[in-house]
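Work through these exercises with the sequence and the model side by side. Try each task before you read its solution.

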Amino acid sequence: MEYVNLGKTGLKVSRICLGCMTYGAPAVEPMAGRHAWALDEQQSQPFLRQALDLGINFFDTANAYSSGASEEVLGRFLKANTRRENVVIATKVFFGLSDDPNGKGLSRKAILHELDESLRRLGTDYVDLYQIHRWDYETPIEETLEALHDVVKAGKVRYIGASSMFAWQFAKALYLADKHGWTRFISMQNHYNLLYREEEREMMGLCAAEGIGVIPWSPLARGRLTRAWDAESTKRSETDKVSQALYSKTEDADKAVVDRLGEIAEQHGLPRSQVALAWMLAKPVITSPIVGASKPGHLEDAVAALSVKLTPEEVLSLEEPNVPHPTLGFS
């Protein structure tokens, strides 16, 4: 495993982050925060164990994943299997767990309450990286930033990060934090992969210029970059409403990228996932892709991608079929 600094901080994270949306509690019907393809606690244990064995020290979850059960499963496992100081726990706040008017968003009230609830579920007294899951259009960003600054100063959070938003919004947040002397975002968790590269237009350049660590979600396009286009569907591909919303409108263009990926993977004699992750890991701005795992080979392939080196010609070949996509993933 390789370890790098997250952004301009001294925090060392593994170059592969384990995304924990998959772990928690499956739902009979897909709903906000719950998914039919999620694994229960017993099914999740081998993947969390495998992550530690492979040297992964970076774990990403959210208060909304499995309505909080993801945090509970992750917290119990880490407490029983490693020392708290040896891992980096990242979680998020924004999406609501109830219908209460103040049960979601990034108000001061919501942040203070949801952080305490996340700490309780995780079984820890601090979070290493606390991230805003989305931009809150109903709360002034100044209120959000000051509340985040206060939880850092209270010792409940070590660092703060952000997730999918427009580059102008992120730039505004960084500017206001500097202006007021508040804690600055150190990371951006954005939607980025071989199929969806719209973040290259502005966000990636902003992160590079500001020393922000980039930890993309869905680096394998929710499985679409792991198999042939006409391969047999999976339970997740059949029931994942988010995946359908993100990629269903660009299938013709995406098929060309998936086909090209298959050609280069075959030339290397490697799984498609390794080549897709190797492409991403070669980007200087990328710190640690967030990889989900629901089968034994998923994490092994992700870590193996660290050793895959693509030629400049292969990189260009992978990128050539891509066409502009609608801006997606900010809601």
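**Exercise 1. A helix and its cover**

Which residues of helix α11 (residues 296-304) are buried?

Solution. This is a predicted model, so take every value below as computed from predicted coordinates. Step one: apply the cut-off, where buried means under 20% relative accessible area. Step two: read off the residues of α11 that pass, namely Leu 299, Asp 301, Ala 302 and Val 303. Step three: look for what covers them. The cover includes β3 (17-19) and α1 (41-53). It also includes α10 (272-281) and β10 (290-291).

**Exercise 2. The order of the sheet**

Give the strand order of the open sheet of 8 strands, then name the edge strands.

Solution. Step one: trace the order, which is β9-β8-β7-β6-β5-β4-β3-β10. The pairing is parallel. Step two: find the strands that pair on one side only. These edge strands are β9 and β10. Step three: recall what holds such neighbours together. Strands of a sheet pair through backbone hydrogen bonds, either parallel or antiparallel.

**Exercise 3. Around strand β8**

Describe the burial of β8, its neighbours and the crossovers that lead into and out of this strand.

Solution. Step one: check burial. Strand β8 spans residues 185-189, and 5 of its 5 residues are buried. Step two: take the β7 side. Strand β7 (residues 157-163) pairs with β8 in the parallel sense over 4 bridges. Ile 160 sits opposite Phe 185 of β8. Step three: follow the chain between these two strands. β7, helix α5 (residues 167-180) and β8 form a right-handed β-α-β unit. Step four: turn to the β9 side. Strand β9 (residues 213-214) runs parallel to β8, and 2 bridges join them. Here Ser 187 has Gly 213 as its bridge partner. The chain passes from β8 through helix α6 (residues 203-210) to β9, and this crossover is also a β-α-β one of right-handed sense.

**Exercise 4. Strands β4 and β5, and the salt bridge between them**

Which residue forms a salt bridge with Lys 92, and is Lys 92 buried or exposed?

Solution. Step one: set the frame. Strand β4 (residues 58-60) and strand β5 (residues 88-93) pair in the parallel sense over 3 bridges. Phe 59 stands opposite Ile 89 in β5. Step two: find the partner. Lys 92 forms a salt bridge with Asp 60, with the closest N and O atoms 2.7 Å apart. Lys 92 belongs to β5 and Asp 60 to β4, 32 residues apart. Step three: check accessibility. Lys 92 is buried at 0%, and Asp 60 is buried at 2%.

**Exercise 5. Other salt bridges**

How many salt bridges does the count give, and where do those of Arg 84 and Lys 156 lead?

Solution. Step one: the count comes to 18 salt bridges. Step two: Arg 84 forms a salt bridge with Asp 128, the closest N and O atoms being 2.9 Å apart. Arg 84 lies in the loop between α2 and β5 and Asp 128 in strand β6 (residues 127-132), so this pair ties together parts that are 44 residues apart in sequence. Asp 128 is buried, at 7% relative accessibility. Step three: Lys 156 forms a salt bridge with Asp 116, with 2.8 Å between the closest N and O atoms. Lys 156 is in the loop between α4 (141-153) and β7, and Asp 116 is in helix α3, 40 residues apart. Lys 156 is partly exposed at 30%, and so is Asp 116 at 36%. Step four: look for shared partners. Arg 197, Glu 200, Lys 283 and Glu 319 are joined into one network of salt bridges.

**Exercise 6. Two serines with positive phi**

Where do Ser 66 and Ser 67 lie, and what are their phi values?

Solution. Step one: place them. Ser 66 lies in the loop between β4 and α2 (69-81), and Ser 67 has its place in the loop between β4 and α2 as well. Step two: read phi. Ser 66 has a positive phi of about 50 degrees, and phi of Ser 67 is near 55 degrees. Step three: check accessibility. Ser 66 is buried at 1%, whereas Ser 67 is partly exposed at 34%.

How values were computed:
Residues are numbered from 1 along each chain as its sequence is written. This is a predicted model: local features need pLDDT of at least 70, side-chain atom pairs count only at pLDDT 80 or more; totals for chains, interfaces and linings use all residues. Side-chain values use heavy atoms; hydrogens and water are left out. Buried means under 20% relative accessible area, exposed over 50%, partly exposed in between (1.4 Å probe, protein chains only). Two strands pair if DSSP finds at least two bridges between them. A crossover is right-handed if, with the strands pointing away from the viewer, the path from the first strand over the helix to the second runs clockwise. Contact means heavy atoms within 4.5 Å. A salt bridge is a side-chain nitrogen of Lys or Arg within 4 Å of a carboxyl oxygen of Asp or Glu.
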